[in-house]
Amino acid sequence: MKTNQLFNDLTKIVGKKNIITNTEDLTKYNNDWRGFYNNKSLCVLFPDNLNIIKKIVKYCYKKNIKIVPQGGNTSLTGASVPTYNNKEIIINFSKLNKILEIDKSNLTILVESGSILADIKEYLGKENYYFPIDLSSSGSCMIGGNIATNAGGINALKYGSMKENIIGLEIVTGDGSVISSLSKMKKNNTGYDLKSIICNSEGTLGLITKVLLKIFPKPQNNFTFFVSYKNLKTCIKSFNQIRELYYDKLESSELIPNLSFEVCIKNNFLKKHFFEKQLPWYVIYRLNLYEDKASFQDIFEKNFKLIDKNIIEILIPNSINQENKIWKFRDDLVEAYKMQGKIVTNDISVPLDKMIDFFNIAEKNIKKMNSKIKLHPFGHIGDGNIHYNMILPKDVSHDTYLILRKKIYSYVNELVEKFGGSFSAEHGIGQIKKNSLIKFKSKNEIDIMKKLKKVFDPKNILNPGKIFDA
């Protein structure tokens, strides 16, 4: 089909204000967050209701036109941008952003899939309720994308990932059909749980249009403390002690290396180090409190002798402002790290009891590849999800960097599998981890996935080339 005819047909469906065809304007939608992928799309559409999305998909199904669903485009695996040049259209969900209903009796909130995660959290906060998923990209990522990738974030330790926090979904499948499963009942064993299949499918099975989320009464207070450790062994021991003591309250535990402070200070995200003595490892802890904070802090300080053996220094913020600065630092280190230039990122999970051995072996062998590589592992120590990242020397040529990055990815994924972990903990597969999926998943699992893809998307028009090649 000629592109002019395509644009005319799609314009009739969405309206002139809801389509972009100009090559220059398309760039921001074509490029992924990391800058790894920049294939060109044919156009970007901005539907604002279910009926229009149905019409778009039915048209594309009839004409065999490929679709890339896109939320905030914060994917770290190339899942939300084109796989091929000039073969796909993008459906951006930013105009499908209404908060539709909060049900305080059943503890649910119904939202459209283009709603920004931070907006949902802010809305609920004003109503004295809480949605726990919290990501560095919360201010720009959309709830539909969070579900499509089964996002985890810093609070998964207590609340689980997105899959544990959705009750129902409305989706449009690859032929334009609508599946609406929005019952508010938490106990609902009426056949196969289709929403769990959609969660984690990265837009390859259906376009998410509405989401029914589980919500919680807002904690009365949060209690944050920031501690330093001389090595990873004492750090893990300390985490286990704190988890045993505050299991019902422990929401987040974020592992931070000293290099994070250096990177944030260098790139003006932080003025100075939080701690007087610089040590290799730090952890930020946050507890949810449904009680008076001052009273809890008194008890915490009395109990400190039960957990202080492995801790070198502890910081307890004495104001909300200080507490916010600590968590802002955790968010900012992701952006600061990206500014270092030649970086390698890994989203992995490793069993906690095997993490020390994994770190030691991985560092030793990666340093053999290039002794100047700086290791920058950080993340969610409570659930074993570590972003095992590194900064490569600036004098490495671009071609050498690409070769080295590929070699490191392959090595890290192999090692993770040997340690019984996962090569993709919370970011998904997208384009970047397709080879690893084929390598480490059994043929039977891949075959079943492909059969599901065929059922939901008969012509393979939804996000083609993601997860695997159908």
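## Sheets, salt bridges and a cavity

Trainee: Helix H3 lies across S2, S3 and S4, so to speak as a starting point: what angle does H3 make with S4?
Mentor: Keep in mind that we're looking at a predicted model. H3 covers residues 50–63 and lies across S2, S3 and S4. Angles here run from 0 to 180 degrees between N-to-C directions. For H3 against S4, the value is about 170°.

Trainee: What's the strand order in the open sheet of four strands?
Mentor: The pairing in that sheet is mixed. S1 (19–20) and S3 (66–70) stand at the edges with a single partner strand each, so one side of each has no neighbour in the sheet. Reading across, the order is S1-S2-S4-S3.

Trainee: Which residue in S4 stands opposite Leu-45?
Mentor: Strand S2 takes in residues 44–45, and S4 takes in residues 88–92. The two run parallel and are joined by two bridges. Opposite Leu-45, in S4, stands Ile-91.

Trainee: Moving along to the open sheet of five strands, which strands are its edge strands?
Mentor: Its order is S5-S6-S10-S8-S9, and the pairing is antiparallel. An edge strand here pairs on one side only. That description fits S5 and S9 (178–181).

Trainee: And how much are neighbouring strands of the five-stranded sheet turned against each other on average?
Mentor: We're still in the sheet ordered S5-S6-S10-S8-S9. Direction is ignored for this one, and the average turn between neighbouring strands is 15°.

Trainee: Which residue is the bridge partner of Asp-103 in S6?
Mentor: S5 and S6 run antiparallel, with four bridges joining them. Asp-103 has its bridge partner in S6, and that residue is Thr-108.

Trainee: What angle does helix H4 make with S5?
Mentor: H4 spans residues 117–126 and lies across S5, S6 and S10. H3 lies across S8 (166–173), S9 and S10 (206–214), at about 45° to S8. For H4 against S5, the angle is about 40°.

Trainee: How far apart in sequence are the parts that the Glu-112 and Lys-98 pair ties together?
Mentor: The count of salt bridges comes to 20. In the one between Glu-112 and Lys-98, the closest N and O atoms are 3.9 Å apart. Glu-112 lies in S6 (residues 108–112) and Lys-98 in the loop between S4 and S5 (99–103), so the parts tied together are separated in sequence by 14 residues.

Trainee: Last one: how many residues lining the largest cavity are charged?
Mentor: The count is one cavity of 30 Å³ or more, and about 30 Å³ of space lies in the largest cavity. Its lining includes Thr-204, Lys-453, Lys-466 and Phe-468. The lining divides into three nonpolar and four polar residues, and the charged ones number two.

Terms used
Residues are numbered from 1 along each chain as its sequence is written. This is a predicted model: local features need pLDDT of at least 70, side-chain atom pairs count only at pLDDT 80 or more; totals for chains, interfaces and linings use all residues. Side-chain values use heavy atoms; hydrogens and water are left out. On a 1 Å grid over the protein atoms alone, a cavity is a set of points where a 1.4 Å probe fits but cannot get out, and a pocket is an open set with protein on both sides within 12 Å along at least five of seven lines; lining residues have an atom within 4 Å of a point. Grid points are joined across faces, edges and corners, and a volume is the space filled by probe spheres set on the points. Ala, Val, Leu, Ile, Met, Phe, Trp, Tyr, Cys and Pro count as nonpolar, Asp, Glu, Lys and Arg as charged, and the others, Gly among them, as polar. Two strands pair if DSSP finds at least two bridges between them. Contact means heavy atoms within 4.5 Å. A salt bridge is a side-chain nitrogen of Lys or Arg within 4 Å of a carboxyl oxygen of Asp or Glu.
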